[in-house]
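Work through these exercises with the structure open beside you. Try each task before you read its solution.

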Amino acid sequence: MEEKILNDKHKKDGGYSFIEVLISVVILSMIVLASSTAFIYATKKTRNNQIKLTAMNLANKSIEYIRSLTFTDIGTKFKTPSGAYVYGDPSGEILQEDIVEVNGVEYKIETVINWMEESEWDLNGSAEWDYKEVIVTVVPIGFEESDDLKQRIETFVTRDVSQPALKGYNIRIRCIRGWSLP
């Protein structure tokens with residue numbers, strides 16, 4: 001009798017059944033899957049933010065370089081497939097398109113510079129060209145979400161001699177008094 005009690009007790013303490021192990025594996029798999037999905041999402045977001053920050057820094061660096069040039073030197077050129085350069089209007093030494101690699105990621109830097117005229121044209125049909133509009137766009141190459149990662153900075157550059165800067169100020173304001181009808 002005592003032997004039968006020991007055998008029954010041994011059978012009850014024999015371990016987990018196959019169904020219990022299977023349920024535990026399924027629950028553990030769901031937890032690991034949810035955690036890995038969150039980790040993959042966080043990693044992708046971190047990478048995208050780093051790419052956007054690098055693109056913004058490249059655009060800002062380009063703008064600051066352009067601002068350091070004299071007004072007459074601010075212009076663009078384009079390199080043709082044959083290797084020759086075609087100058088833009090305004091012409092200068094800034095490439096309209098350039099490729100830069102940072103931390104293993106290639107970025108295309110597009111620079112557009114346009115003449116802007118606010119005053120009247122003279123009798124000969126020539127403009128004074130008050131300032132130049134500068135647009136720098138940086139796009140990472142090889143990413144499907146590159147439109148979301150693209151960074152763009154716009155600024156205006158005025159002539160150094162058009163109006164002397166006041167001490168402590170470097171902004172030129174043009175005011176027109178009057179009414180504008182739609």
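**Exercise 1. Classify E154 by exposure, then find its salt-bridge partner.**

Step 1. E154 has a relative accessible area of 45%, so E154 counts as partly exposed. The classes are buried (under 20% relative accessible area), exposed (over 50%) and partly exposed in between, with a 1.4 Å probe and protein chains only.

Step 2. The side chain of E154 meets that of R152 in a salt bridge, 2.8 Å from N to O. A salt bridge needs a side-chain nitrogen of Lys or Arg within 4 Å of a carboxyl oxygen of Asp or Glu.

Before you go on, note the ground rules. This is a predicted model: local features need pLDDT of at least 70, side-chain atom pairs count only at pLDDT 80 or more, and totals for chains, interfaces and linings use all residues. Residues are numbered from 1 along each chain as its sequence is written, and side-chain values use heavy atoms, leaving out hydrogens and water.

**Exercise 2. Compare the settings of two further salt bridges.**

Step 1. The structure holds 4 salt bridges. One of them joins the side chains of R67 and E64 at 3.0 Å, N to O.

Step 2. Locate this pair. Both residues lie in helix α2 (residues 18–68), 3 residues apart, about one turn of the helix. Helices (H or I, at least four residues) and strands (E, at least two) are DSSP runs, numbered from the N terminus.

Step 3. Check exposure. R67 is partly exposed at 44%. E64 is partly exposed too, at 38%.

Step 4. Take K77 and E93. Their side chains meet in a salt bridge of 2.7 Å, N to O. This pair links distant parts of the chain, 16 residues apart: K77 is in strand β1 (76–79), and E93 is in the loop between β2 (85–87) and β3 (94–95).

Step 5. Check exposure again. K77 is buried, at 10%. E93 is exposed, at 53%.

**Exercise 3. Work out the strand order of the sheet that contains β7, and name its edges.**

Step 1. Four strands form an open sheet in the order β4-β5-β6-β7, with antiparallel pairing. Two strands pair if DSSP finds at least two bridges between them.

Step 2. β4 (97–102) and β7 (151–158) each have a single partner strand, so one side of each lacks a neighbour in the sheet.

Step 3. Neighbouring strands are turned by 20° against each other on average, direction ignored. Axes are lines fitted to C-alpha atoms, for helices over the stretch in contact; angles run from 0 to 180 degrees between N-to-C directions.

Step 4. β6 (131–140) and β7 pair over 8 antiparallel bridges. V136 has I153 in β7 as its bridge partner.

**Exercise 4. Check the length of α2, then describe its packing.**

Step 1. α2 has 51 residues, so at 1.5 Å a residue it should span 75 Å. The expected span is 1.5 Å times one less than the number of residues. The end C-alpha atoms are 74 Å apart, which agrees.

Step 2. The buried residues of α2 include N48, I51, L58 and I66. The buried residues pack against β3, β4, β5, β6, α3 (146–149) and β7. Contact means heavy atoms within 4.5 Å.

**Exercise 5. Describe the sheet that contains β1.**

Step 1. This open sheet has 3 strands in the order β2-β1-β3, with mixed pairing.

Step 2. β2 and β3 stand at the edges, each with a single partner strand.

Step 3. β1 and β3 run parallel, joined by 2 bridges. T76 stands opposite I94 in β3.
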